[in-house]
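Me: I'm new to this one and would like a close look at a single part of it. Could you walk me through what sits on the surface there?

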Amino acid sequence: MNEPLVHRHWLTLAAPKVAPALATSTVLILGRIWNANGAEHSVGNAALMVVLAAGAASAGAFASAGRAGDPVIAGTAFAASGGLALAGVAGYADGLPLPLLLWALATATAYGIAARYWRTDRRDTVAYDRQTTVRREEHGHVERVEALRAGAQIEVARSGAAYAEQLATALISRAALPGYDPAALTRAGLPELPAVDITKEH
């Protein structure tokens, strides 16, 4: 059982590792650009970001509540809430210390949440690799057993054919001997070959 080997590019492997930091950094940069364009000390803009962040957090809490909660939707909503809060602070605050502090906290939180999903994904990958290895070994074992069985059947058939050929040769040789008397063989108790009726066969 042969399976295709997939070689992933190093950018594909590194992208999930840098995605949380890239996302929070992008929010921080956009928030500071917004700050430079008039959002600083703007109560209306700050109130809007608070409402949006609270709404996203409420959506995340609603998505995670109940037995049929969707963790993907809840995680996305909470991430949006954190991003909106960070953008609001970055846009409203005077200097960089508070936005940078929130950026560091948001980045650490994002990596903490992502690490849990990475562990789950790695565990699923390891389990899949083990199942694939076991399945490959089982198929290989079945193929080897079938090959041995087919080889044994071929050997039995070859031996039977060789025996039949030797028997036919012996019968022909015995019939060609001088003084061959089938009736004497019968009287001696040796088995006699059954007579073949040619008219019945044709």
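Reply: Here is a walk through the surface patches and an aromatic pair. Keep in mind that this is a predicted model.

Let's begin with charge. Lys17, Arg116, Arg119, Arg122 and Arg123 come together on the surface as a patch of positive charge. Which helix gives the most to that patch? Helix α4, spanning residues 97-176, does, with four residues. Arginine 116 is a good one to zoom in on, as it lies in helix α4. Its relative accessible area is 47%, so arginine 116 counts as partly exposed, because that label covers values between 20% and 50%.

Now for the rings. If you search the whole structure for aromatic pairs, you'll find one. The partners are tyrosine 111 and tryptophan 118, which meet edge-to-face, with 6.2 Å from centre to centre and 65° between the planes. Why edge-to-face? Because planes over 60 degrees apart get that name. As for how open the two partners are, tyrosine 111 has a relative accessible area of 27%, so this ring is partly exposed. Tryptophan 118 comes in at 22%, so it counts as partly exposed too.

There's also a patch of another kind to look at. Ile29, Leu30 and Ile33 make up a nonpolar patch on the surface, and together they have about 290 Å² of accessible area. To find it in your view, head for helix α1, residues 10-39, where isoleucine 29 is found.

Terms used: Residues are numbered from 1 along each chain as its sequence is written. This is a predicted model: local features need pLDDT of at least 70, side-chain atom pairs count only at pLDDT 80 or more; totals for chains, interfaces and linings use all residues. Side-chain values use heavy atoms; hydrogens and water are left out. Patches are made of residues with over 30% relative accessible area and no salt bridge: like charges are joined within 9 Å, nonpolar side chains (Val, Leu, Ile, Met, Phe, Trp, Tyr) within 5 Å. Accessible areas come from the Shrake-Rupley method with a 1.4 Å probe; for residues, only the protein chains shown count as cover. A salt bridge is a side-chain nitrogen of Lys or Arg within 4 Å of a carboxyl oxygen of Asp or Glu. Lys and Arg count as positive and Asp and Glu as negative; His and the chain ends are not counted. The place of a charge is taken as NZ of Lys, CZ of Arg, CG of Asp or CD of Glu. Helices (H or I, at least four residues) and strands (E, at least two) are DSSP runs, numbered from the N terminus. Buried means under 20% relative accessible area, exposed over 50%, partly exposed in between (1.4 Å probe, protein chains only). Rings of Phe, Tyr and Trp (its six-membered ring) pair if their centres lie within 6.5 Å; planes under 30 degrees apart count as stacked, over 60 as edge-to-face and the rest as tilted.
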